[in-house]
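The following exchange sets computed values against their definitions. Please read each answer with the structure in view.

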Amino acid sequence: FILVGFGWASDNMWPVITSLILSPVALEFNQPKAPLLSLAQNIGLLGGAIFWGFGCDIFGRRLAFNATLGITAAFGLIAAGSPNFAAIGCFAAFWSFGVGGNLPVDSAVFLEFLPGSHQYLLTILSIFWALAQLLATLVAWPLLGYHTCSETDLDPCTRSRNFGWRWFMIAMGGFAMICFFLRFIVFTLYESPKYLMGKGKDAEAVAVVHKVAQKNGKTSALSVADLEIHDEGGQQGVDTAAALKRKLEKVDLTHVRALFRTKKLAYSTTLIMCIWAFIGLAFPLYNAFIPYTLASRGAEFGDGSTYLTYRNSLIIAVLGIPGALAGGALVELPLFGRKGALALSTILTGVFLFASTTAKNSNDLLGWNCAFNLCSNVMYAVLYAYTPEIFPTKDRGTGNALTASANRIFGIMAPIVAMYANLKTAAPVYVSGALFLGAGALTCALPFESRGKASL
C-alpha cells in the first residue's frame with residue numbers, strides 16, 4: 001500500500017515542484033514566458049500516460065512500476081544543474097514522462113494483487129496526494145524562502161544568489177530516488193499474474209500466486225491445469241501486436257458508441273467529459289502558478305518576500321488534507337450525495353478565486369487561497385469517486401479514458417492561456433474562476449445520482 005502510495009504522491013508532488021520553482025527559475029534565466037516550463041511538464045505528463053499505459057501491457061507491470069519512479073528521480077536530480085531555461089524545460093518534460101506513468105501502472109499493479117474485499121484501499125490512496133503537496137511545500141519553505149531571488153530585488157538575479165531552487169531539486173530528486181530504491185532493491189515485486197496469463201505464461205502466473213500466498217502465510221491450490229480449463233478459446237496472442245490490440249480495445253469504437261447509445265447516457269457522458277475538460281484547464285491555470293502569484297502580488301502589496309511566499313504556500317498545502325477527507329464524507333450525506341457535493345465544491349472553488357482578486361494584502365490573498373485549496377480538494381475527491389460510477393460496467397474503461405484525455409488535453413492549454421493572458425494581471429484568475437463556475441453549473445445538470453445505488 002505504501003509503495004504504491006509513492007506513485008500517487010509522485011503524481012501530485014512533481015507538478016507542485018514545478019509550480020514552486022517557476023518564479024526563481026524565471027528570475028534567474030530572465031524568462032518573460034515562465035509558463036513554458038509548465039507547458040513542457042504537461043506535454044511530458046501526457047506522453048508518459050500514453051507510453052506507460054500501453055507499455056505495461058507489452059513489457060510488463062514490474063518494469064514499468066520501477067522505471068517510472070527511477071526516471072523521475074534521475075531527471076529531477078539532473079535538473080538541479082540546468083545551465084539555462086531550455087535545459088530545465090527539457091528535464092521537466094523528461095521527469096514528467098516518468099510521473100505520467102505512475103497512476104495507470106500503479107493502479108493496475110495494486111488492483112491485480114488486491115483481494116476484492118479490500119478494493120476500497122484504492123480510494124484511500126488519494127490521501128498521498130495531499131501529503132505529497134504538504135511535503136514539497138514544507139521542504140521548499142527553508143530552501144526557497146532563504147536562498148532565492150525576490151520579485152522586489154533590485155540587483156540582478158545570479159546563480160549564486162538563487163541557488164535555493166537547485167538545492168530543492170536535489171532534495172526532492174533524492175526523495176524520489178529513495179522511493180525508487182525501496183521499490184527496486186528492498187521490496188520484491190512479482191510480475192502481475194494477470195499480465196503473465198495474458199502473455200500465455202500460465203506456469204509463471206501460478207508460481208507467482210504461490211509465492212505471494214506463501215509470503216502472506218497462506219497456501220494456494222491453484223494449478224496450471226485450472227487455468228487451462230478456462231482457456232477454451234485458445235491461448236491469447238503473446239506477441240507485441242497482440243498486446244497492443246488488447247490494449248486498444250479500451251478505446252474501441254464499440255465501447256465509445258455504447259456510452260452514447262441512449263439519449264440520457266449520451267447526455268451524461270458529454271456533460272462529464274465537459275466537466276473534466278473545464279476543470280483540466282481551470283485547475284492548472286491557477287494552481288500551477290500559486291507561488292508565482294503569491295510572489296508577484298506580494299511585491300505589489302509591499303510584502304512579497306520569498307520567505308513569506310513559501311511560508312504561505314505551505315499553509316495553503318495543509319488545507320488539502322482535510323479537503324480530501326471532507327470529500328469522502330460529503331458524498332454520503334442524504335439529499336446531497338455526489339452531485340450536490342461536486343456542484344457545491346466546484347462552484348465555491350470558482351467563487352473563492354474571484355474573491356481573491358479583492359485582496360488588499362498578502363494575508364487576504366492567503367485566506368482566499370486556503371479556501372480555494374480546501375474546496376478544490378473536496379471537488380477532486382468527489383469527482384474521482386463519481387465519474388466511474390456513472391459509466392456502465394463493461395464500458396467503464398473507455399469512459400475513464402475519455403474523461404482523462406479531455407482533462408490532459410485541456411491541461412496542456414493552461415500554460416498557453418497563462419502566457420498570453422499575463423500572470424501579473426487578474427485575467428487568468430477570472431478565466432479559471434469562470435471555468436469552475438461553468439463546471440459547477442454543468443454538474444447540476446447531470447442526470448445520474450449514484451449515491452446509494454449500484455453502478456450502471
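Q: Why is N369 called buried or exposed in this predicted model?
A: N369 has a relative accessibility of 2%. Buried means under 20% relative accessible area, exposed means over 50%, and partly exposed lies in between (1.4 Å probe, protein chains only). The value for N369 falls under the 20% limit, and N369 therefore counts as buried. N369 is found in helix α19, where helices (H or I, at least four residues) and strands (E, at least two) are DSSP runs, numbered from the N terminus. N369 and S313 are 56 residues apart in sequence and 9.1 Å apart in space, C-alpha to C-alpha.

Q: What should be known about the numbering and the limits of the model?
A: Residues are numbered from 1 along each chain as its sequence is written, and side-chain values use heavy atoms, with hydrogens and water left out. Because this is a predicted model, local features need pLDDT of at least 70 and side-chain atom pairs count only at pLDDT 80 or more, while totals for chains, interfaces and linings use all residues.

Q: What makes α17 and α19 oblique to each other?
A: The axes of helix α17 (residues 320-330) and helix α19 (residues 362-389) cross at roughly 45° and come within 7 Å. Axes are lines fitted to C-alpha atoms, for helices over the stretch in contact, and angles run from 0 to 180 degrees between N-to-C directions. Angles under 35 degrees count as roughly parallel, over 145 as roughly antiparallel, 65 to 115 as roughly perpendicular and the rest as oblique. The angle of roughly 45° belongs to the rest, and the two helices are therefore oblique.

Q: Which residues form the contact of α17 with α19, and how do they divide by class?
A: Contact means heavy atoms within 4.5 Å. On the side of α17 the contact is made by G320, P322, G323, A324, A326, G327 and L330, and on the side of α19 by N373, L374, N377, V378, A381 and V382. These residues divide into 8 nonpolar, 5 polar and no charged. Ala, Val, Leu, Ile, Met, Phe, Trp, Tyr, Cys and Pro count as nonpolar, Asp, Glu, Lys and Arg as charged, and the others, Gly among them, as polar.

Q: How do you know what the orientation of α7 to α17 is?
A: Helix α7 (residues 127-146) and α17 pack at an angle of about 170°, with their axes 8 Å apart. An angle of about 170° is over 145 degrees, and α7 is therefore roughly antiparallel to α17. The contact involves I127, A130, L131 and L134 of α7 together with G320, I321 and L325 of α17. By class, this contact has 6 nonpolar, 1 polar and no charged residues.

Q: Why is α1 called roughly antiparallel to α8?
A: Helix α1 (residues 2-28) and helix α8 (residues 164-186) pack at an angle of about 165°, with their axes 10 Å apart. The angle is over 145 degrees, so α1 is roughly antiparallel to α8. Contact residues include F6, W14 and E28 of α1, and W165, R166 and R183 of α8. The residues of this contact divide into 18 nonpolar, 2 polar and 3 charged.

Q: Why is N30 called buried or exposed?
A: N30 has a relative accessibility of 67%, which is over 50%, and therefore counts as exposed. N30 is found in the loop between α1 and α2 (36-55). N30 has a positive phi of about 50°, although it is not a glycine.

Q: What makes N407 count as buried, and which residues does N407 contact?
A: N407 has 16% relative accessibility, a value under 20%, and so it counts as buried. The place of N407 is in helix α20 (residues 396-421). Leaving aside neighbours within four places in sequence, N407 is in contact with W276, I279 and G280. A polar atom of the side chain of N407 lies 3.2 Å from the backbone oxygen of W276.

Q: Why is I416 called partly exposed?
A: I416 has a relative accessible area of 36%, which lies between 20% and 50%, and I416 is therefore partly exposed. I416 is found in helix α20. The C-alpha atoms of I416 and L39, 377 residues apart along the chain, are separated by 7.2 Å.

Conventions
Polar contact = N/O pair within 3.5 Å; in protein donor to acceptor, adjacent residues only side chain to side chain.
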